Amino acid sequence: LNYEAIGLVGREQEVATLRSCLDRAAQTPSEEKRITKELVLIQGYSGVGKTKLAMTAKTYVDEIGNGTVVHDKFDQNSYEEPYSGISAAFEELCVTILDGIEKDDKGHVSVRESIVEELKPTVELLQWLIPSLSELASLGSNASPDDNDHAYGAEFERLKYAFRVLTRVLCSHFSPLVLIL
């Protein structure tokens, strides 16, 4: 039995909903029906096809030719690395941006400029989770947190804020931006 040939079975409603969300997110700001950014969470028990359903988003984004998909799988065995799935997905996106800059892609240069402008005060909080971010922001160092530097209290709030800003900046340039974790 070739599982890949079968694809998703009985998920037509979920696929249609996912495509509809991606279509709304892919609308350009000049379109009158601009919808606010959307977040779609796919949840369920292990083995029910969450990743397969999410990968249909990647296929659809490739079909419509608009948007970006980055992915990583959360590894329960890497619990000592906080935010490992999100970190790897954002790292992949930063590397893509850096590659675009090397190819003199004006869109990727614009993303970099926005990241520098918006994140400069807080990029040091994210660079140990997303090493390529320091190169992207031209900081020149990949500092890692000290053993005594735990992200609690005010620092944790700054870290959450920095993630929100980074996500907003990236979503404004890559629409839709699909993170599969």
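Which residues of α2 are buried? In this predicted model, they are Val15, Leu18, Cys21 and Leu22.

Let us start with that helix. α2 runs over residues 12-25, 14 residues in total. From its first C-alpha to its last it reaches 20 Å, close to the 20 Å expected at 1.5 Å a residue. The buried residues Val15, Leu18, Cys21 and Leu22 lie on the same side of α2, because they cover an arc of only 125° around the axis. There is a handy rule behind such a pattern: an α-helix has 3.6 residues a turn, so residues three or four places apart point the same way. On the face turned away from the buried side of α2, you will find the exposed residues Glu12 and Gln13. The cover over the buried residues of α2 includes α3 (50-64) and β2 (177-180).

Now to the nonpolar cores. The largest one has 28 residues, and those with the most contacts inside it are Ile115, Leu119, Leu133, Leu166 and Leu170. Each helix in this table supplies at least two residues of that core:

| Helix | Residues |
|---|---|
| α4 | 84-102 |
| α5 | 106-119 |
| α6 | 123-126 |
| α7 | 131-136 |
| α8 | 153-173 |

The largest share of this core, 8 residues, comes from α8. Leu133 is a good residue to click on: leaving aside residues up to four places away in sequence, Leu133 touches Cys94, Ile115, Leu119, Val123, Leu126 and Leu166. Apart from this core lies another, of 11 residues, and among them are Leu53, Ala57, Val61 and Ile180.

Methods
Residues are numbered from 1 along each chain as its sequence is written. This is a predicted model: local features need pLDDT of at least 70, side-chain atom pairs count only at pLDDT 80 or more; totals for chains, interfaces and linings use all residues. Side-chain values use heavy atoms; hydrogens and water are left out. A nonpolar core is a set of buried Ala, Val, Leu, Ile, Met, Phe, Trp, Tyr and Cys residues joined through side-chain atoms within 4.5 Å. Buried means under 20% relative accessible area, exposed over 50%, partly exposed in between (1.4 Å probe, protein chains only). Helices (H or I, at least four residues) and strands (E, at least two) are DSSP runs, numbered from the N terminus. Contact means heavy atoms within 4.5 Å. The expected span of a helix is 1.5 Å times one less than its number of residues. The arc is that of the directions from the helix axis to the C-beta atoms.
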